[in-house]
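Got a new structure open and wondering how the labels on it are earned? Let's take them one at a time.

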Amino acid sequence: MKKKYKPKYPLVWQKDDFFIKIYCSIPNIATGIILTTNNSIFVIDPGDGILRDLNRDKSAAEILSISDIFISHGHHDHVGGVWSLLTYLSVMKKKTPLNIFYPEGCVEIESIYNAFLQVYSHELTYQIKLHPINNSRSFTRKSIKIKPFKVNHKEIDEEGNPVAVPSLGFKFTYNGKSICYGGDTAYTETLVKMAKGSDLAIIEAGAEDESSTDLHMTVEQASEIGNTAKEYFLVHVPD
Ligand SMILES: [Zn+2]
């Protein structure tokens, strides 16, 4: 039997002060990623356990300085930690705004946000700014250029048919170095294009087998894309 590929978390990559750490990326369980430079901390896909992982890794002051969250899509293994993170930031009296960038139409993030405000707005110490993204225009946050791009992720509806979910990948460029994170996606030319030549590509290989490539990629497909970058991590590999 072919040996299964298994990433060893956390996965860490660094060039000068451009640093990324993937605490975990396990399908149906949780994802959790931080991207940092000397003067910024971003969180990408805060799944369940993100607060525990941040707390182990960073001081309270550093956690309070998180300025931006990037969401690839609304599946629970990518957003499950949002509620506790938002609550912690208020309990610890964060003062600076928190920006959340997410694909337009991502009902999960807007629902969590609305429910959160309903419960905590009277004591909330910081401003939460939602930024639904519906195009591929680049923008810059804390000297990091962010290029969102559409990927091809689906879920199965009640009738058993695959339906597209609003989903994005992100390419982060800082000091001439780039990290391409594809989120969850089936094989798509956009990701092929964005990953190519990146200093680091983070590519999901979530397909259980050749028959489920509607939703995710096989290790072979993901490696093929990863190999066009200078370095790559395969993530989201089924246990
Ligand atoms: Zn997903």
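Q: What makes two strands count as a pair here?
A: Two strands pair if DSSP finds at least two bridges between them. In this predicted model, strand 1 (residues 11-15) and strand 2 have five bridges, in the antiparallel sense, so they pass that cut-off.

Q: Which residue stands opposite K15 in strand 2?
A: That's F18. The hairpin of strand 1 and strand 2 has two residues between the strands, and D16 takes a positive phi near 55° there.

Q: How do you know that strand 2 and strand 3 pair too?
A: Same kind of check: at least two bridges are needed, and strand 2 and strand 3 (residues 30-37) have seven, again antiparallel. One matched couple is I26 with its bridge partner A30 in strand 3. This hairpin has three residues between its strands, with N28 in the turn at a positive phi of about 70°.

Q: Why is strand 2 called largely enclosed?
A: A residue is buried if 20 or more other C-beta atoms lie within 10 Å of its own. Seven of the nine residues of strand 2 (residues 18-26) are buried, so the rest of the structure largely encloses that strand. For the protein, 41% of the 239 residues count as buried.

Q: How many helices and strands does the protein have?
A: There are seven helices and 15 strands.

Q: Why is the protein called as compact as a globular protein of its length?
A: Its radius of gyration is 17 Å, and the globule rule gives 18 Å for 239 residues; those values are close, so the description fits. The C-alpha atoms fill a box of roughly 55 × 45 × 35 Å along the principal axes.

Q: What share of the contacts with a separation of 6 or more joins residues 24 or more positions apart?
A: It's 62%.

Q: Why do strand 8 and strand 15 count as edges of their sheet?
A: The open sheet has six strands in the order 8-9-12-13-14-15, with mixed pairing. Strand 8 (139-141) and strand 15 (231-235) each have a single partner strand, so one side of each has no neighbour in the sheet. From one strand to the next, the twist averages 20°.

Q: How do you know that strand 14 and strand 15 are paired?
A: Strand 14 (residues 200-204) and strand 15 share five bridges in the parallel sense, and two would be enough. L200 stands opposite E231 in strand 15. Helix 7 (residues 219-226) packs on the sheet and touches strand 14 and strand 15, its direction making about 165° with that of strand 14.

Methods: Residues are numbered from 1 along each chain as its sequence is written. This is a predicted model: local features need pLDDT of at least 70, side-chain atom pairs count only at pLDDT 80 or more; totals for chains, interfaces and linings use all residues. A residue is buried if 20 or more other C-beta atoms lie within 10 Å of its own, exposed if 12 or fewer, and partly exposed in between; C-beta atoms are placed from the backbone. Helices (H or I, at least four residues) and strands (E, at least two) are DSSP runs, numbered from the N terminus. The radius of gyration is taken over C-alpha atoms; the globule rule is 2.2 Å times the number of residues to the power 0.38. Two residues are in contact if their C-beta atoms, placed from the backbone, lie within 7 Å. Axes are lines fitted to C-alpha atoms, for helices over the stretch in contact, and angles run from 0 to 180 degrees between N-to-C directions.
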